[in-house]
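Reader: Please take me closely through one part of this model, the strand pairing and what lies around it in the sequence. I would like the cut-off behind each term as you go, and a word on the model itself.

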Amino acid sequence: MSAGNTFLMPSGWIHAVYTPEDSLVFGGNFIHCFNVERQLRICDIEESTRVPKKFLYPLHTEIMWYLVKQYITLLERDQHERNKESGTSDDVSVNGTKESTEGRPRRSARERTKNGEENKENMEQKVTIKVEKNADGSEVINGDNDGEVVITSAPKKPWIPVYLTSREVQGLQLVVNRMKKWPKTNIPDGIENPDQLLNRLEELLENQMGNDPALTISGIHYMKQILAVDEIDGARRSRSLRKPRKPSTSLRRRRVRCRACEACTREDCEECRYCKDMKKFGGPGVLKQSCMMRQCQDPTLPSTAMCKICEENLADDDETLMECASCGKIVHPTCVPAKGYFYVVPDLNNCWKCPDCCDKHSGERFNGQRLNARRSVAELKASQASAKLSPPANRTPKRKRDSDESTASVEGDEEMESSGDTSSDEDSAPLATLAKKRRQSSPPVIIPFIPPQEIAATYVIRPRPSSPPPETFELESGSVHVMKRDTWLKVFGYLTQHELSTCMAVSRTWNRWCMDKRFWTRIKLSVGKPITASALYGVVRRQPLTLDLSHTNITHQQLAWFLSRLPRLRDIILGATTFATVSAFTRVTCPPLKVLDLSWSEKITDQVIEDLLKPSTNGRRERPPGPGENTSRLRFLTDLRLAGCEITNVGLRSIKRYLGCLTRLDLSYNILITNQGLAGLLDTDSTLHKTIKELNLAGCSNVSGTCLEALRKAPKLDKLDVRKCVNVTADACESLSNTVSVIHSQ
């Protein structure tokens, strides 16, 4: 199956779902009336095997009772319509009882076609109601002064006769027989007289037995005739009284980053709760929020924001869009009618209180002027600081301000009244047209140039190459020592790494000589001690080839810091670590590792192995790999050690897919690995069977002697460890010992 396909599976089919790639699948179960016998059998099996409630079909008993009631309504309505067409008396009621039953007349195909055409012509007629007024002012509808009204209603839709299939009738009979044995405890509230309903359905099903198969296979959903509108006895189903929900006119748009402030240009802190939740830092990725230290200080409107009045989005140098802090409407200030008051929010760009939401006590007079509301963070801070430092003597008293505002408001009202007579023709024009005219006539506003802020470098700046180390060693007396640098390096080669660290404290010359990379090809950090920043710096300075971090408390961040700064690293040992630490491989670009040891680590499952080996995207869309091309971040591995992990056959498929150069594989004490997984690992459709030389299966209890036959596909395999494999016999090992060195002992 591919994306967009829908697969319908018959009832009771045993199936399994396998997704070779990460997929999003919507599935579920449904009940139908064409295989009721199988569905009831499945219910019995689930009840006998005590399937948990969360896996059962929800409200199955209640649905069966509603099914019975719905079929009774359908079949009684069918009898009612048939008797009406035949002209016989209608003795069938819709309350679950029947006074008399008669044989149903069968119509010919010609009669059904003729009646259908007549009903189709009647459906095209319209209902017209005429309202007339008398001399006294009263109204009469299609009548005279006596008030008699004659209204012709539209004809009803033609009823389609119901013909149930034989499997549907048999299934409903099984449902009735089963429901008679059920206890009367889970009956819904709307069901009255359950025994009488079951008996009534049995009587109606007897009339449906022996239907013509040509009539039953019609492709018509009979139940829609009673679900759409209920017209029994001339009564219609009451429509819903709920009013349609009005769309929100004050939809707020999410603001975007300015990409210029200090918070936008910095990196994630990796310490707040949002950073710890991110997947790139080893979290579950549930909160989906940005770093708390990267909250933008100057958010702006998105580029897709448009004025609600003129429906245009002009550039910032021509016009400024403003978003109301109360109602959320985004408009150009010049598009708004020049009346009322407004208030510009100082802490947020392009934000104000529009004249519809602002009162005169908290804003200033709005005359349709342009607003320059796009200010930088530095300008905001400077304006706030100047407002705090301004002396209180320069402020106008409150009484004087109130009098000035009242005088200004009176003068503004008089001006608006005087100009109201001359602008009557403009008021009749559309608001968007007036806004465009006002924008063209108004002079442009000169916005001062604000220089862009300097953005700090987000990449690692490498220092310049150091000068070569000196060839001689100067003594305290000022003379030069007899031994040259090459001789001292041979002497230092006999010292341990701890003794070399002591010699590095003698002088700067010895410090540089002892830092030779030949002395630090393998580094093992202390077990049980915390890894400090000085230790991290010392390891990166020495650039080892092999780094042993087993049984240490190294964190996810520290390992990610190591991997990005050790390009010479080839072997890394992470025994007894956690899956959170291992997830650091998925965050950075890994060096070309040859050996990876994850033995006895916690929660190293198949999913962790898949994420560890699959190609890295680094958040960018890359081209798909070509045929036979391996883009895994660990594609150069030759030795993989997974002893004591939780690997299954699924994890072996990932190893086979991404690691084509593997020569040594340690799978000891992975008790979930079976013979089938090992046979698929060494299958001939990959290059792994040609390169594997050593395989460790010690302690794999589910591996038996039959898997040894699959190992013959590996021509270079020369060592096999099957110790403590209780299902592997000595005879099976002897048959393979001619070509492979087998280690076997119970």
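**A hairpin and its sheet**

Author: Strands E5 and E6 make a hairpin in which 6 residues lie between them, and asparagine 350, in the turn, has a positive phi of about 55°. The model is predicted, so local features are given only where pLDDT is at least 70 and side-chain atom pairs only at pLDDT 80 or more, whereas totals for chains, interfaces and linings draw on all residues. Residue numbers start from 1 along each chain as its sequence is written, and side-chain values rest on heavy atoms, with hydrogens and water left out.

The strand names come from DSSP runs, numbered from the N terminus, with at least two residues for a strand (E) and at least four for a helix (H or I); two strands are said to pair if DSSP finds at least two bridges between them. In these terms E5 pairs with strand E6 (residues 351-353) in the antiparallel sense over 2 bridges, and one position to look at is tyrosine 343, which stands opposite lysine 353 in E6. Strand E5 (residues 341-344) is also joined by 2 bridges to strand E7 (residues 364-365), again running antiparallel, and here phenylalanine 342 has glutamate 364 in E7 as its bridge partner.

These pairings belong to an open sheet of 5 strands, ordered E4-E3-E6-E5-E7, in which the pairing is mixed. Its edges are strand E4 (330-331) and E7, each of which pairs on one side only. Strands of a sheet pair through backbone hydrogen bonds, in either a parallel or an antiparallel sense.

The cysteines in this stretch of sequence deserve a separate check. A disulfide is taken as a pair of cysteine sulfur atoms within 2.5 Å, and by this rule the count is 0 disulfides. For cysteine 351, the closest cysteine sulfur is that of cysteine 324, and because the two sulfurs are 7.4 Å apart they are too far for a bond. For cysteine 358, the closest is in cysteine 354, and at 8.5 Å that sulfur is also too far for a bond. Are cysteine 351 and cysteine 358 buried or exposed? With buried meaning under 20% relative accessible area, exposed over 50% and partly exposed in between (1.4 Å probe, protein chains only), cysteine 351 counts as buried at 6%, and cysteine 358 counts as buried at 9%.

Two residues elsewhere in the sequence can be described in similar terms. Aspartate 516 is in the loop between helix H16 (508-514) and strand E8 (522-524), and it is buried, at a relative accessible area of 14%. Where contact means heavy atoms within 4.5 Å, aspartate 516 touches Arg485 and Leu489, residues up to four places away in sequence not being counted. Valine 742 is in strand E16 (residues 741-743), and its contacts, leaving aside neighbours within four places, are Leu720, Val722, Cys733, Leu736 and Ser737. Between valine 742 and valine 722, 20 residues apart along the chain, the C-alpha separation is 7.3 Å.
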